[in-house]
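Trainee: I should like a close look at one part of this model, namely the side-chain contacts that join its segments and the backbone around them. Could you take me through them in one connected account?

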Amino acid sequence: MALIKSISGIRGTIGGQPGDTLSPLDIVKFTSAYGTMLKNAHPSNKKIVIGRDGRISGSMVQGLVSNTMIALGFDVVDLGLSTTPTVEMAVVMEKAVGGIILTASHNPKEWNALKLLNEKGEFISGAEGKELLEIAQNEAFSYAKVDELGTITSGTDLLQKHIDACVNYPLVNKDAIEAANFSIVIDAINSSGAIAVPALLEALGVKKYTVLNAEVNGQFAHNPEPLPEHLRDLCNEVTKQKASMGIAVDPDVDRLCFVCEDGSLFGEEYTLVAVADYILKHRKGNTVSNMSSTRALKDITIKHGGEYTASAVGEVNVVTKMKAVNAVIGGEGNGGIIVPDLHYGRDALIGIALFLTHLALEKKTVKQLRNSYPDYFMSKNKIELTAGVDLSSIFNKIKEKYSKHPINEEDGLKIEFDNDWVHLRSSNTEPIIRIYAESNSETVANNIAKQLMKDIKEAAGK
């Protein structure tokens with residue numbers, strides 16, 4: 001059981017002891033701290049947007065969060081079942097002071113989280129997160145008097161407004177998508193994607209689609225992280241139906257990956273690469289991804305005459321870097337697309353619309369499109385952390401061992417080996433160390449990752 005307070009929000013497992021898990025007491029405490037922080041910064045605006053994914057605990061958590069915000073005097077715009085990018089856009093559409101998304105993203109069903117937004121619909125900063133934790137620690141809350149309690153109104157039309165914004169985005173070509181006559185299989189992982197993705201496809205003129213795991217019950221049919229080992233059923237269904245492609249999203253619809261018509265994976269790392277390629281053909285400019293993402297984006301960016309910049313991992317870090325370099329497209333190699341002139345947040349819906357446009361205009365199959373990009377292989381691994389482990393000591397030992405190689409310490413350790421690299425970092429969302437290695441050889445990438453995992457265990461004294 002766990003409770004993690006990080007740049008990615010307040011995340012934990014449901015059930016267990018307060019302070020050790022995302023218990024009802026912790027939900028109320030951190031919601032109260034967030035609301036108090038907003039009241040201190042923006043005393044005249046009391047509107048807040050709240051939405052959730054399809055998790056089993058979603059309704060319970062939303063009840064606690066919404067009523068806590070009402071107790072603080074906020075007027076809640078309740079989106080109910082929604083997506084993370086929809087809530088982000090709704091904050092701006094509704095001129096709200098902030099937003100809360102109740103989702104643990106790719107984590108299994110026992111997890112939930114409070115993802116916290118500012119008035120721009122973007123994740124709160126590290127400094128704001130620190131302030132929130134201090135307010136929570138001191139329980140420095142002041143609730144509204146009975147005549148000043150807030151209200152709840154429904155915001156069920158905001159998903160449609162999000163979809164309309166995607167369809168009407170200048171680089172989305174609905175006519176080309178409709179003419180392509182795609183047939184698509186969707187893995188909706190028993191969450192909000194079962195509602196949002198079909199609605200988007202309908203709006204784009206896609207007539208032929210099938211939804212797997214379509215019941216929104218939070219009983220995820222497989223591990224919800226869209227990794228190859230979890231998408232075998234989708235791959236098989238694409239080939240069985242002779243479909244044009246498969247689409248997989250995570251429970252809150254901010255991550256996206258595709259399956260080729262032959263049942264092979266397009267690769268979640270290449271979701272951003274393909275969309276960036278299309279954007280850069282029409283808008284010259286710069287790109288950003290986090291330093292755990294494939295270098296194929298850098299290759300594509302240079303090909304189009306732009307400059308590529310890497311950021312620390314975490315959406316807020318990517319967004320900060322995108323603003324600094326005025327990037328026209330950015331995101332993360334986990335299938336997260338950020339289109340800045342729509343909104344500064346990972347958004348699978350705009351990603352789908354742009355990818356389908358790109359595919360339709362190129363008149364290629366998904367496999368042919370994938371084969372047009374540089375071929376890198378990434379080995380993604382993780383090691384679970386035991387309580388009390390000294391990460392800095394482990395990283396110092398590894399840094400010493402590889403001191404002859406270029407090392408970036410902006411976010412964990414990234415070690416360069418000629419054209420290959422490995423990135424070690426502790427996760428913002430789970431008690432683990434992630435080990436990502438990339439090479440133009442699958443064997444080399446796997447071997448680099450295995451060696452570093454061995455080094456970590458030795459440094460930890462195991």
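Mentor: The charged end of R370 is placed over the ring of Y270, at 3.6 Å from the ring centre. Such an arrangement is counted if NZ of Lys or CZ of Arg is within 6 Å of the ring centre and within 35 degrees of the ring normal. The model is a predicted one, in which local features need pLDDT of at least 70 and side-chain atom pairs count only at pLDDT 80 or more, whereas totals for chains, interfaces and linings use all residues. Residues are numbered from 1 along each chain as its sequence is written, and side-chain values use heavy atoms, with hydrogens and water left out.

A further charge over a ring involves K323, which lies over the face of Y344 at 5.1 Å from the ring centre. K323 has a second partner: E122 forms a salt bridge with it, and their closest N and O atoms are 2.7 Å apart. E122 belongs to the loop between strand 6 (111–117) and helix 4 (126–138), and K323 to helix 11 (residues 315–325), so the bridge ties together parts that are 201 residues apart in sequence. The term salt bridge stands for a side-chain nitrogen of Lys or Arg within 4 Å of a carboxyl oxygen of Asp or Glu. Helices (H or I, at least four residues) and strands (E, at least two) are DSSP runs, numbered from the N terminus. The two partners differ in class: E122 is buried, at 12% relative accessible area, while K323 is partly exposed, at 37%. Buried means under 20% relative accessible area, exposed means over 50%, and partly exposed lies in between, with a 1.4 Å probe and protein chains only.

Helix 11 provides another bridge. The side chains of K321 and E410 meet in a salt bridge with an N to O distance of 3.9 Å. This pair links distant parts of the chain, 89 residues apart: K321 is in helix 11, and E410 is in the loop between strand 17 (407–408) and strand 18 (413–417). Both ends are partly exposed, K321 with a relative accessible area of 24% and E410 with 45%. E409 lies in that loop between strand 17 and strand 18 and is partly exposed, at 49%. Its C-alpha atom is separated by 19 Å from that of V319, 90 residues away along the chain.

The structure holds 25 salt bridges. One of them joins D157 and K161, whose closest N and O atoms are 3.6 Å apart; D157 is partly exposed at 39% relative accessibility, as is K161 at 37%. Elsewhere, K115, D252, D254, E315, E332 and R346 are linked in a network of salt bridges.

The aromatic contacts come next. A pair of aromatic rings is described by the distance of the centres and the angle of the planes. Rings of Phe, Tyr and Trp (its six-membered ring) pair if their centres lie within 6.5 Å; planes under 30 degrees apart count as stacked, over 60 as edge-to-face and the rest as tilted. Five aromatic pairs are found in a search of the whole structure. In one of them the rings of F258 and F355 have centres 3.7 Å apart and planes at 15°, so this pair is stacked. It links distant parts of the chain, with F258 in strand 11 (residues 256–259) and F355 in helix 12 (residues 348–362), 97 residues apart. Both F258 and F355 are buried, and ring pairs link F258, F266 and F355 into a cluster.

Helix 12 has a helical partner as well. Its axis and that of helix 7 (residues 193–203) come within 10 Å and cross at roughly 35°, where axes are lines fitted to C-alpha atoms, for helices over the stretch in contact, and angles run from 0 to 180 degrees between N-to-C directions. The crossing is right-handed, meaning that the near helix is turned clockwise from the far one by less than a right angle; anticlockwise would be left-handed. A196, V197, L200 and L201 in helix 7 meet L349, I352, A353 and L356 in helix 12, contact being heavy atoms within 4.5 Å.

In the loop between helix 12 and helix 13 (366–371) one finds K363, a residue other than glycine with a positive phi near 55°. K363 is exposed, at 71% relative accessible area. K242, not a glycine either, has a positive phi of about 55°. Its place is in the loop between helix 8 (232–241) and strand 10 (245–249), and K242 is exposed at 72% relative accessibility.
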